[in-house]
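Me: I am new to this structure and would like a close look at a single part of it. Please take one residue as the starting point and work outward from there.

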Amino acid sequence: FVEAFKSSTRAVEIQEEIASADPKNVQFVSELGLYYVNLGGIQVKLKNFSAARENVLKGLKTLQEFADASPQWIDLRRDLALAYRLAGQVFNDEGNFTEAADYYRRSAE
């Protein structure tokens with residue numbers, strides 16, 4: 001997981017550069033949101049729950065904002081559902097079962 005964390009951190013850095021070059025590009029920004037969520041999932045495995053929670057919520061916020069603004073983007077809605085499921089896993093692994101259940105429910109919706 002240490003190597004996965006390093007690679008995922010680097011992927012977030014690269015995607016931040018790409019997304020900042022064109023901040024209205026739905027694909028670039030939504031991928032950044034997913035990268036943050038995935039980084040949070042790795043941080044849970046490393047028992048860094050605070051950072052995991054921060055990254056997951058940052059990624060979800062990014063995805064949700066673009067999904068709300070672009071409801072016609074089906075791929076973005078799918079990515080948002082996947083991100084909510086990953087957030088459920090993060091909060092479940094942390095032991096926050098109530099919040100995990102809420103994120104799983106949002107994923108199903």
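Is Glu13 buried, partly exposed or exposed, and what is its relative accessibility?

Reply: This is a predicted model, and what follows is computed from it. Glu13 counts as partly exposed, because its relative accessibility is 36% and the partly exposed class runs between 20% and 50%.

The partner of Glu13 comes next. Glu13 forms a salt bridge with Arg10, and the closest N and O atoms of the pair are 3.2 Å apart. Both residues belong to helix H1, where three residues separate them, about one turn of the helix. An α-helix has 3.6 residues a turn, so residues three or four places apart point the same way. Arg10 is partly exposed as well, at a relative accessible area of 44%.

Helix H1 holds another pair with this spacing. Glu3 and Lys6 are both in H1 and lie three residues apart, about one turn of the helix. Their side chains meet in a salt bridge, with 3.4 Å from N to O. Glu3 has a relative accessible area of 53%, and it is classed as exposed because the cut-off for that class is over 50%.

Just outside this helix is Phe1. Phe1 sits in the segment before helix H1, which covers 2-21. With a relative accessible area of 59%, Phe1 is exposed. Together with Val2 and Leu46, Phe1 makes a nonpolar surface patch of about 290 Å².

Salt bridges also occur beyond H1. A search of the whole structure finds ten of them. One joins the side chains of Arg78 and Asp75, at 3.6 Å from N to O. Arg78 and Asp75 are both part of helix H4, residues 74-94, and are three residues apart, about one turn of the helix. Arg78 is partly exposed, with a relative accessible area of 45%. Asp75 also counts as partly exposed, at 47% relative accessibility. Elsewhere, Asp102, Arg105, Arg106 and Glu109 are joined into one network by salt bridges that share partners.

Helix H5 can be described from its length and its faces. H5 spans residues 97-108, twelve residues in total, and reaches 16 Å from its first C-alpha to its last. That is close to the 16 Å expected at 1.5 Å a residue. Within H5, Ala100, Tyr103 and Ser107 are buried. Seen down the axis of H5, the buried residues fall within an arc of 65°, so they line one face of the helix. These buried residues of H5 pack against H4 and against helix H3, which covers 49-69. The face turned away from the buried side of H5 carries two exposed residues, Thr98 and Ala108.

Helix H3 gives a last point of reference. Glu65 has its place in helix H3, and at 45% relative accessibility Glu65 counts as partly exposed. Glu65 and Gly41 are 24 residues apart in sequence, and their C-alpha atoms are 21 Å apart in space.

To return to the starting point, Glu13 is partly exposed, and its salt bridge is to Arg10.

Key
Residues are numbered from 1 along each chain as its sequence is written. This is a predicted model: local features need pLDDT of at least 70, side-chain atom pairs count only at pLDDT 80 or more; totals for chains, interfaces and linings use all residues. Side-chain values use heavy atoms; hydrogens and water are left out. Patches are made of residues with over 30% relative accessible area and no salt bridge: like charges are joined within 9 Å, nonpolar side chains (Val, Leu, Ile, Met, Phe, Trp, Tyr) within 5 Å. Accessible areas come from the Shrake-Rupley method with a 1.4 Å probe; for residues, only the protein chains shown count as cover. A salt bridge is a side-chain nitrogen of Lys or Arg within 4 Å of a carboxyl oxygen of Asp or Glu. Helices (H or I, at least four residues) and strands (E, at least two) are DSSP runs, numbered from the N terminus. Buried means under 20% relative accessible area, exposed over 50%, partly exposed in between (1.4 Å probe, protein chains only). The expected span of a helix is 1.5 Å times one less than its number of residues. The arc is that of the directions from the helix axis to the C-beta atoms. Contact means heavy atoms within 4.5 Å.
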